[in-house]
Amino acid sequence: MSALVHAIVMLGMLVIVPAGLRLTGQQELERIRRLWPLFAAPGALALWLPRGATATVLACVYAAGTVALALHAPHASRRATRGRRLDPAGIALLTALVAPAVAATALVAERRGHELFGFDLGILALTVPHFHFAGFAAALVAGLVCRVSDGPAGGFAALSVPTGTALVLLGYFIGDWAELAGAVVLTAGMWTVGLLTWRMGHEEGRDRTTRLLLLTSAAVLVATMLLALSWALGEATGLPHPSLTWMAATHGLGNALGFALCSLLAWRRIRNREPARAAALTPIGTPTEGRTA
């Protein structure tokens, strides 16, 4: 399981985060994105080294990058709403930009061999991919979907994904029932994202590749979030549920490749190939100074 989790985390560090930052369209985040490999490469290397001083130092380098990103989160969110009160998409963006710092904190503690807040090293290791994908990627995509969706469903998705992620984190401290509540809220939000994404995939004028990416990401969410619910329910009630190894191989890998990667590739194509849709997305960042999205 460790090798699979490490590979999933590497995908989050080296591909998902910088690809997501590009979609925000914000100039200050673009500067961080360009420097991101300098932080992410040491963090990725730390995953494969034995726990100890060297792995901890390398993990701290990655943590420094995530802290820099988190420090930009309030300003980026204000720019996303152009100085107005934070809307659901802005809240989703704020959540996405802070989530990698939570993941990096867990990574530093796990690589040091320190049971942070009393959590065993296995839980800390799984927190790292969770906050790259359920935290960063899911919140970012929920915000993007919210920007282009009419009606309350988009706002619900943009709010419930950050809320569910926060509740899952809180559940680590309170107990399994709180974590189950977070899983229910997060699943509701992700299924709403999936429904809206599925509708986007069937819109007229969509090119075949983008359509396939959107439909794949939407379909994968149905299965992966059902697995998340079954695991959280089993933990809270003692009912039979998948093992952590099985969850990593199914829920984790499915969300990483089927949802996060496919979604970000689809949204990049939408920005590059659909000017009208790209214009609708500009509030999640700001109009880029002197260049197109």
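Start by selecting tryptophan 36, which counts as buried at 1% relative accessibility. Keep in mind as you click around that this is a predicted model.

**Stop 1: the aromatic corner**

With tryptophan 36 still lit up, add tyrosine 62, which is buried too, at 0% relative accessibility. A search of the whole structure turns up four aromatic pairs. In the pair made by tryptophan 36 and tyrosine 62, the ring centres sit 5.6 Å apart and the planes meet at 75°, so this one is edge-to-face. Colour by helix and you'll see that tryptophan 36 belongs to helix H2 (residues 27-48) and tyrosine 62 to helix H3, so the pair ties together parts that are 26 residues apart in sequence. Now add Phe39 to the selection: Trp36, Phe39 and Tyr62 make up one aromatic cluster.

**Stop 2: serine 77**

Stay on helix H3 (residues 53-80) and move along to serine 77. Is serine 77 buried or exposed? Its relative accessibility is just 1%, so serine 77 counts as buried. Show what surrounds it: leaving out neighbours within four places in sequence, serine 77 is in contact with Leu86, Gly90, Leu93 and Leu94. If you like checking distances in the viewer, try the C-alpha atoms of serine 77 and alanine 92: they are 15 residues apart along the chain and separated by 8.8 Å.

**Stop 3: the nonpolar core**

Next, select Phe136, Val193 and Trp267. Out of the 74 residues in the largest nonpolar core, these three touch the most other members. H5 is the top contributor to this core, giving 16 residues. Zoom in on phenylalanine 136 and bring up its contacts beyond four places in sequence: Ile16, Val17, Gly20, Leu21, Ala96, Ala99, Pro100 and Phe131.

**Stop 4: the cavity**

Time to look for empty space. Rolling a probe the size of a water molecule over the atoms shows where such space is left. How many cavities of 30 Å³ or more does the structure hold? There is one, and the largest cavity has a volume of about 60 Å³. To find it, select Val5, His6, Val9, Leu47, Leu107, Glu110, Leu124, Ala125 and Val128, which line it. Helix H1 (2-24), helix H4 (88-112) and helix H5 (121-148) each put at least two residues into that lining. By class, the cavity lining splits into seven nonpolar residues, one polar and one charged.

**Stop 5: the largest pocket**

Now for the largest pocket, with a volume of about 810 Å³. Select Leu126, His130, Tyr172, Trp231 and His251, the closest to its centre of the 35 residues that line it. Which helix gives the most to this lining? H5 does, with eight residues. The helices that each supply at least two lining residues are H1, H5, helix H6 (152-174), helix H7 (176-201), helix H8 (208-237) and helix H9 (244-273). Colour the pocket lining by class and you get 23 nonpolar, eight polar and four charged residues.

**Stop 6: methionine 225 and threonine 192**

Jump to methionine 225, which is found in helix H8. At 4% relative accessibility, methionine 225 counts as buried. Not counting residues up to four places away in sequence, methionine 225 touches Leu186, Thr187, Met190, Trp191, His251 and Asn255. You've already met His251, among the residues closest to the centre of the largest pocket. Pick out Met190 from that list, too: the C-alpha atoms of methionine 225 and methionine 190 are separated by 7.5 Å, though the two are 35 residues apart along the chain.

Then hop over to threonine 192 in helix H7. Threonine 192 is buried, with a relative accessible area of 13%; the cut-off for buried is under 20%. Leaving aside its neighbours within four places in sequence, threonine 192 is in contact with Ala153, Phe156 and Ala157.

**Last stop: phenylalanine 117**

Finish in the loop between H4 and H5, where you'll find phenylalanine 117. Is this residue buried or exposed? With 62% relative accessibility, phenylalanine 117 counts as exposed. Look at the backbone here as well: phi of phenylalanine 117 is near 55°, a positive value in a residue other than glycine.

Key
Residues numbered from 1 in each chain as written. Predicted model: local features only at pLDDT ≥ 70, side-chain atom pairs only at ≥ 80, totals over all residues. Heavy atoms only, no water. 1 Å grid on protein atoms, 1.4 Å probe; cavity = no way out; pocket = protein on both sides within 12 Å on 5 of 7 lines; lining within 4 Å. Points joined across faces, edges and corners; volume = space filled by probe spheres on them. Helix = DSSP H or I, 4+ residues; strand = E, 2+ residues; numbered from the N terminus. Nonpolar A, V, L, I, M, F, W, Y, C, P; charged D, E, K, R; others polar. Buried < 20%, exposed > 50% of the residue type's maximum accessible area, 1.4 Å probe, protein only. Contact = heavy atoms within 4.5 Å. Phe/Tyr/Trp six-rings, centres within 6.5 Å; stacked < 30°, edge-to-face > 60°. Core = buried A, V, L, I, M, F, W, Y, C linked by side-chain atoms within 4.5 Å.
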